[in-house]
Amino acid sequence: IEWRDLAFLGLVALLPLYAAQFGVGNQVEQFALIERIRDPLFARGDFYVDSAAHLGQPRYYYAAAMAWLADATSLAAAVHIAAFLSNVILGVTSFVAARRFLSASATGAAATAAMVILNSSFSLGFAGYLNFDSYQPANFAIAMGLSGVTLLFLRQELAGTACFILGGITHPTLGVEIASVAFFAIGVAAIARDRSLNAIRPFVIPGVLFLVAMVIAWGLPNLGATSFRMPDGSFFDILAHRRAPHHYLGLDFPHMAWFHAALFLAGTAAVYGLAIRRLGASRERVALGLMALMVVAICLASLWFVDIAHNRVWVTAQVFRMLLLVKWVGFLLLGWLIGQWLMAPTPAHLVLAATLVSVNADAQPRAMALVLVTAAVISVVRPGKALAAILVLGTLGLSLYFQHRYGIDKQALRLAAACAIMALVYVMQLPGRCALAGAAGVCLTFVGF
């Protein structure tokens, strides 16, 4: 990773400050815990704050870290500083993963980072996002978890485990599940490559260290707890049916949400097959595919264990949140493909690449499918220039319609700024200082607006 890449990632990490949310959503509960740690008399007597602001409770470590940062600055500054740092980590690890696992060009890896930070993509379950506008423990946990995945796959097992531990301490559900899926995927890929169980030996000690850290962080502080255990029926009714059915009950998700997720999965599978054919099936590429396949399998299993069987463990696991790993793998692959198109860019491929990056939210899978089909037709059928232009312009027009219908305006503005920054830094043949000066100008003007 070069200095211009770091500059690009830093600028893109600033873009979510536009229309960032503060003091709404899940931050309502988190801010109360942060303020209690800062002031032991804050909201004294409040049932939730009294019970949740203790060592071993799910948000305690996050709240303690944010309280320390807020004491050094202010609560608002702490939230936005933490959001920026999490965005940088998320962007850097995605850039490195695209470069190292898929041999993506710098431009393609930059496109991956921009999409990971700024594009929410499909919303099945309303939780499987890679980033959130309302900064919360999940933001940092996802950034550290994906950093752990990248380092683990790069054979930096102890460094990856350290990232997994930080993610698991910040968010016990997401952190533990990301680490578990990553260890399983790389272990199976290693065994498949070496055809020996000895291939998993490098992951045994890191895996044990991670488990021990989670027991110390979450198990030991709760030993001897005497809190009331709610009956399974009441637990399911309150958590899954009343509190957040859009996170748990897959059979009740809107049909259109399933359609968008299926489009993304189909597009990801197609690009993955193309990448394997061109690049070969390395251990890391096989592990990426296994990771995505495993998440899809456990989400489908959840339809039985949660919706039908009402299994308490599966309800607590919220496995649909793990779709963030499928999105990450998909964005890595799209970045690789964009980089391939921009090696010797034609006007058609420039338009298609920009469409892939900029169309967002539930519009993104629709645009993704259109772009991939159009690119395949141009590559295989090789129509004349006039027909190719009609196909590309038709794809662009339909994608813009989908953006208007299913997309999110503020994400579109952020991604447009990111595309402009990426063009200045990577695509246009400008001197380095001029390119970065122009990119910084675009970013600061946008954030100022």
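The following exchange between a biologist and a modeller concerns a predicted model of a single chain.

Biologist: How many helices does the chain have, and how many strands?

Modeller: This is a predicted model, and local features in it are described where pLDDT is at least 70. Along the chain, the secondary structure comes to 21 helices and zero strands.

Biologist: What is the radius of gyration of the chain, and what does the globule rule give for 449 residues?

Modeller: The C-alpha trace spans about 75 × 55 × 40 Å along its principal axes. For 449 residues the globule rule gives 22 Å, and the chain is close to that value, so it is as compact as a globular protein of that length. The radius of gyration of the chain is 22 Å.

Biologist: Among contacts between residues at least 6 apart in sequence, what percentage join residues at least 24 apart?

Modeller: As background to the packing, 51% of the 449 residues count as buried, and the accessible surface comes to about 19900 Å², of which 67% belongs to carbon and sulfur atoms. Among contacts between residues at least 6 apart in sequence, the share that joins residues at least 24 apart is 74%.

Biologist: Which helix gives the largest share of the largest nonpolar core?

Modeller: In soluble globular proteins, nonpolar side chains tend to be buried together. Here the largest nonpolar core has 107 residues, and those that touch the most other members are I142, F153, F164, M291, L324, L325 and W328. The largest share of this core, 14 residues, comes from residues 323–341, that is, from helix α16.

Biologist: Which residues does M291 touch, leaving out those up to four places away in sequence?

Modeller: M291 is itself among the residues of the largest core that touch the most other members. With residues up to four places away in sequence left out, its contacts are V149, F153, V181, A182, A185, L325, W328 and V329.

Biologist: How many residues are in the second, separate core?

Modeller: Its members include F31, Y62, A67 and A78. F31 has a relative accessible area of 11%, which is under the 20% cut-off, so F31 is buried. The second core, separate from the largest one, has 17 residues.

Biologist: Why is the pair of F22 and F31 described as tilted?

Modeller: The structure holds 19 aromatic pairs, and a pair of aromatic rings is described by the distance of the centres and the angle of the planes. The rings of F22 and F31 have their centres 5.2 Å apart, and F22, at 37% relative accessibility, counts as partly exposed. Planes under 30 degrees apart would count as stacked and those over 60 as edge-to-face, so this pair is tilted because its planes are at 50 degrees.

Biologist: Is F402 buried or exposed?

Modeller: F402 forms a tilted aromatic pair with Y401, at 5.9 Å centre to centre and with 55 degrees between the planes. Its partner Y401, at 41% relative accessibility, counts as partly exposed. F402 has a relative accessible area of 12%, so with the limit at 20% it is buried.

Biologist: Which ring does the charged end of K327 sit over?

Modeller: Elsewhere R312 lies over the face of F235, at 4.1 Å from the ring centre. The charged end of K327 sits 4.6 Å from the centre of its ring, and that ring belongs to F122.

Biologist: Is S86 buried or exposed?

Modeller: S86 is found in helix α5, residues 75–102. Leaving aside neighbours within four places in sequence, S86 is in contact with Y135, N139, F140 and A143. Its relative accessible area is 3%, so S86 is buried.

Biologist: How far apart in space are H310 and R382?

Modeller: H310 lies in the loop between α14 and α15, is partly exposed with a relative accessible area of 37%, and touches F236 and F305 when residues up to four places away in sequence are not counted. H310 and R382 are 72 residues apart in sequence, and from C-alpha to C-alpha their separation in space is 53 Å.

Biologist: What is the phi of F126?

Modeller: Most residues other than glycine have a negative phi. R155, in the loop between α7 and α8, has a positive value near 70 degrees. F126 lies in the loop between α6 and α7 and is partly exposed at 44% relative accessibility. Although F126 is not a glycine, its phi is positive, at about 50 degrees.

Notes: Residues numbered from 1 in each chain as written. Predicted model: local features only at pLDDT ≥ 70, side-chain atom pairs only at ≥ 80, totals over all residues. Heavy atoms only, no water. Core = buried A, V, L, I, M, F, W, Y, C linked by side-chain atoms within 4.5 Å. Buried < 20%, exposed > 50% of the residue type's maximum accessible area, 1.4 Å probe, protein only. Helix = DSSP H or I, 4+ residues; strand = E, 2+ residues; numbered from the N terminus. Contact = heavy atoms within 4.5 Å. Phe/Tyr/Trp six-rings, centres within 6.5 Å; stacked < 30°, edge-to-face > 60°. Lys NZ or Arg CZ within 6 Å of the ring centre and 35° of its normal. Rg over C-alpha atoms; globule rule 2.2 N^0.38 Å. Areas by Shrake-Rupley, 256 points an atom, 1.4 Å probe, with all protein chains shown as cover.
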